[in-house]
Amino acid sequence: MPDRRSSEDSCLENQLNATSVSCYNSINNDTLSDSIDLPDINSKSLGPIQSTIAPAGNRVKLLVLCAVLSAATNFPEGYCNSYPNTSYKSFQHMINGRVSEENETTLDDMLIEKEMGGAEQKVALIAGIIEVFTTRHLRMAFILGAAALQITVGIWPIVYLSTDFLAANFPAELAQLASFGFILADFVASLLGILFIERYNRRSLLIGFGAANTFSLCLYIIADLLIPVWEPIKWGQIVALVLFGVTYGFAVGPIAFFITSELVPQRNRSIVQSLVFCFSTIMNFAISFVTLPCYTAFGVLSFLPLLVIPAIICEILLFFYLPETRAREIHDVVAELIERHRKHSHGSE
């Protein structure tokens, strides 16, 4: 009896392995095709619901479903990443009996933000989303937050696939070591960045290091294209990869994830931040999914439309419209945001 059960388990394992290999080969041989020879997922045991949501063989619907679910699950993350909604009354109670000129100024600033954003009014989710896209300064804050996070999109496919990219020109072991060095450089830079983000202007750090981050991608592309001309230049790819990790960890990554909360009044802060995270999740999903097929088909030039050009557009947008937020009250930032938008709108006319 034990031998028979062991034989059945072995048989089942072989069948699963064969199915996995079949799926893997099918995906590799026809990456961009819809006719993938995947096992039929419309089994009766799963009921008619799955047949409606995820029909067998239709990868487009499956990918759209995954993207929507990813965005939906990351939407609430914006709430915990936005600054806490500090109560004016609790702050006043905290400094009770110790009111100074500095405290009075702080309280006045908080009152201005309270009156400006209507912080005490509760807003329904759908109504809040509509308000974001119909109010000029909230809409611009969403665009700037999305642009800041769009610059960071390149980190995900590169983290996932850096070893594969380097393996095209380096031995496998060296490619793995270089990929590890890239991650280590990112980690060390993020530790050092903590000391600088609170001391220097957010705008300068984000735009400056964002430009350096994009330049490192261009350097990687140039080094790859020049390898047939001068083979030692391939080492420039490793330098570019490390530079990419350093610029991301030092300023681009940390600032991009919280800059939105410094552009929006308290009343709308969580909704705008959540919308930005939702948009960024969809872009991360899409870019990470298509990077390897595009790299396989077009080589390193695929980085231009996927990573470089969108980042340049976002950096230009941030350069013209992003106000400085460090050590400033929200109502000052919003006023400058509105003024920048008005000035550039009139200038374009």
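User: What makes Phe 250 count as buried in this predicted model?
Analyst: Its relative accessible area is the test. Phe 250 has 13% relative accessibility, and buried means under 20%, so Phe 250 counts as buried.

User: And why is Phe 196 called partly exposed?
Analyst: Phe 196 has a relative accessible area of 33%. Buried needs under 20% and exposed needs over 50%, so Phe 196 lands in between and is called partly exposed.

User: What makes Phe 196 and Phe 250 an aromatic pair, and why is the pair called tilted?
Analyst: Two values settle that. The ring centres of Phe 196 and Phe 250 are 5.0 Å apart, and rings pair if their centres lie within 6.5 Å. The planes are 50 degrees apart; stacked is under 30 degrees and edge-to-face is over 60, so this pair is tilted.

User: How do you know that this pair links distant parts of the chain?
Analyst: Look at where the two rings sit: Phe 196 is in helix H10 (residues 172-197) and Phe 250 is in helix H12 (residues 235-256). They are 54 residues apart.

User: How many aromatic pairs are there by that rule?
Analyst: The count comes to 13. One of them is Phe 133 with Phe 142, at 5.2 Å centre to centre and 75 degrees between the planes.

User: Why is the pair of Phe 133 and Phe 142 called edge-to-face?
Analyst: Its planes are 75 degrees apart, and over 60 counts as edge-to-face, so the name fits. As for cover, Phe 142 is buried at 13% relative accessible area, while Phe 133 is partly exposed at 37%.

User: What makes Arg 203 a charge over the ring of Phe 319?
Analyst: Arg 203 lies over the face of Phe 319, at 5.5 Å from the ring centre. The distance limit is 6 Å, so that part is met.

User: Which residues have the most contacts inside the largest nonpolar core?
Analyst: They are Leu 144, Leu 166, Ile 255, Phe 303 and Leu 318, in a core of 60 residues. Helix H12 gives the most to this core, with ten residues. Phe 303 also belongs to an aromatic cluster with Phe 165, Tyr 220 and Tyr 295. Leu 166, for its part, touches Tyr 220, Leu 241 and Ala 175, among others further than four places away in sequence.

User: How do you know that the length of H8 agrees with what a helix should span?
Analyst: At 1.5 Å a residue, its 16 residues should span 22 Å, and the end C-alpha atoms are 23 Å apart, which agrees. H8 is also mostly covered, with 13 of its 16 residues buried.

User: What about the loops: why is Ser 302 called buried and Asn 169 partly exposed?
Analyst: Ser 302, in the loop between H13 and H14, has 4% relative accessibility. That is under the 20% limit, so Ser 302 is buried. Asn 169, in the loop between H9 and H10, comes in at 22%. Partly exposed runs between 20% and 50%, so that is what Asn 169 is called.

User: What makes Asn 169 and Asp 224 a contact, with their C-alpha atoms 8.5 Å apart?
Analyst: Contact means heavy atoms within 4.5 Å, so it does not rest on the C-alpha distance. Asn 169 is in contact with Asp 224, although the two are 55 residues apart in sequence.

Technical notes:
Residues numbered from 1 in each chain as written. Predicted model: local features only at pLDDT ≥ 70, side-chain atom pairs only at ≥ 80, totals over all residues. Heavy atoms only, no water. Phe/Tyr/Trp six-rings, centres within 6.5 Å; stacked < 30°, edge-to-face > 60°. Buried < 20%, exposed > 50% of the residue type's maximum accessible area, 1.4 Å probe, protein only. Helix = DSSP H or I, 4+ residues; strand = E, 2+ residues; numbered from the N terminus. Lys NZ or Arg CZ within 6 Å of the ring centre and 35° of its normal. Core = buried A, V, L, I, M, F, W, Y, C linked by side-chain atoms within 4.5 Å. Expected span 1.5 Å × (residues − 1).
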